[in-house]
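Thank you all for coming; I would like to spend a few minutes walking through the strands of one protein with you. Please have a look at the picture first, and then we will go through it together.

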Amino acid sequence: MKKRTLLHTLALATAALALARPGHAQDFPPKKPVTLVVGFAAGGAADAAARLIAKKLGENIGQSVVVDNKGGAGGNIAHQFVANAAPDGTVLLFGSVGPLTIAPHLMKLPYDPFKDLAAISGGVNFPNVLVVHKAAGAKTLAEFVQLSKKKPGSVDFASTGAGSASHLAGELFNQRAGIDMTHVPYKGGAPALQDLLGERITSYFAAPPTALPHIETGRLIPLATTGLTRPAYLPNIPTVAESGFPGFEALNWYAFVAPGKTPVTLLERWNQEIVKVLNDPAVKDALNKHGLTPQPTTRAELTAFMKKESTQWAAIIKERKLTAD
């Protein structure tokens with residue numbers, strides 16, 4: 001009788017542990033396909049990077065990693081989807097600067113980036129390049145600032161939408177340069193670039209891959225890039241920081257996050273695998289060819305980076321009295 005009682009007690013304890021810590025939730029790699037959600041349409045910088053990384057990630061773990069594009073609302077739809085997804089390690093998000101650190105200060109969101117999403121690792125980053133059309137009357141950043149001050153309100157800048165990285169880069173430059181460029185939001189980079197080439201807009205903080213062909217033909221004049229260092233593909237173009245505004249930095253970046261309640265053990269395993277991929281020489285070379293710089297980090301480093309970015313953009317949004325309209 002005592003033996004049966006002991007066995008019964010052990011069985012109950014085992015069952016309780018299983019309920020408290022489901023075995024399937026701890027599987028790595030997961031037994032079912034992994035989805036990497038991207039908040040933008042196929043064909044853009046985020047999609048290209050995600051597919052490169054997902055392919056190698058799948059090869060390394062011996063499991064399918066499928067890219068799922070959920071575009072719309074500046075990436076917020078994808079972020080909300082992942083915030084509500086099952087926290088079992090099968091759904092990851094290639095999160096971006098806008099929804100993670102800018103949008104929360106511009107609008108009411110149905111998710112909290114720091115509570116409903118969990119940091120895994122940095123992904124990639126790239127600077128914007130400030131370009132103007134040939135007739136703008138500026139060939140250097142200093143001339144551009146002088147033009148803005150000489151004719152207040154006459155200089156405008158395009159962006160890919162309110163709250164986007166290109167929008168906040170322009171607002172940060174407004175603040176640092178003491179000028180007041182007018183923001184003109186577009187629904188994407190293509191229409192913004194089209195209007196710039198048509199000289200219907202003065203300037204644009206553009207993604208380098210889309211601006212480079214027009215820089216090379218001379219149709220657009222590059223004034224400065226927005227990172228702290230010059231990108232390898234634009235070695236002769238100074239940074240904003242080098243051009244009289246020390247410390248200026250406004251990067252586009254993407255990072256890997258997961259549903260907020262994903263077990264720490266799974267988050268740590270994904271961090272190891274993603275960092276391994278981002279440090280792979282072939283992957284690094286492929287990303288660099290797209291103008292993207294790999295940014296592997298620890299989970300703690302990504303969280304600290306996101307908080308720093310969030311604080312910076314919150315201050316700019318408050319000072320400039322920006323809204324999502």
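Before anything else, let me say what I mean by a word I am going to use: a residue is called buried when its relative accessible area is under 20%. Please also keep in mind that what you see here is a predicted model.

With that cut-off in hand, let us turn to strand β3, which covers residues 91-96. Six of its six residues are buried, and therefore β3 is largely enclosed by the rest of the structure. If you look at the two faces separately, you find Val91, Leu93 and Gly95 buried on one side, while Leu92, Phe94 and Ser96 are buried on the other.

Which strands pair with β3? Strand β1, residues 34-38, runs parallel to β3 and is joined to it by four bridges, and within that pairing Val37 has Leu93 as its bridge partner. Strand β10, residues 251-259, pairs with β3 in the antiparallel sense, again over four bridges, and here Leu93 stands opposite Val257.

Let me now move to another part of the model, where five strands form an open sheet in the order β7-β6-β8-β5-β9, with mixed pairing. Its edge strands are β7, residues 182-185, and β9, residues 220-225, each of which pairs on one side only. On average, neighbouring strands of this sheet are turned by 30° against each other, if we ignore direction. Finally, β5, residues 129-133, runs antiparallel to β9 and is joined to it by five bridges, with His133 having Leu220 of β9 as its bridge partner.

Key:
Residues numbered from 1 in each chain as written. Predicted model: local features only at pLDDT ≥ 70, side-chain atom pairs only at ≥ 80, totals over all residues. Heavy atoms only, no water. Pairing = 2+ DSSP bridges. Axes fitted to C-alpha atoms, helices over the stretch in contact; angles between N-to-C directions. Buried < 20%, exposed > 50% of the residue type's maximum accessible area, 1.4 Å probe, protein only.
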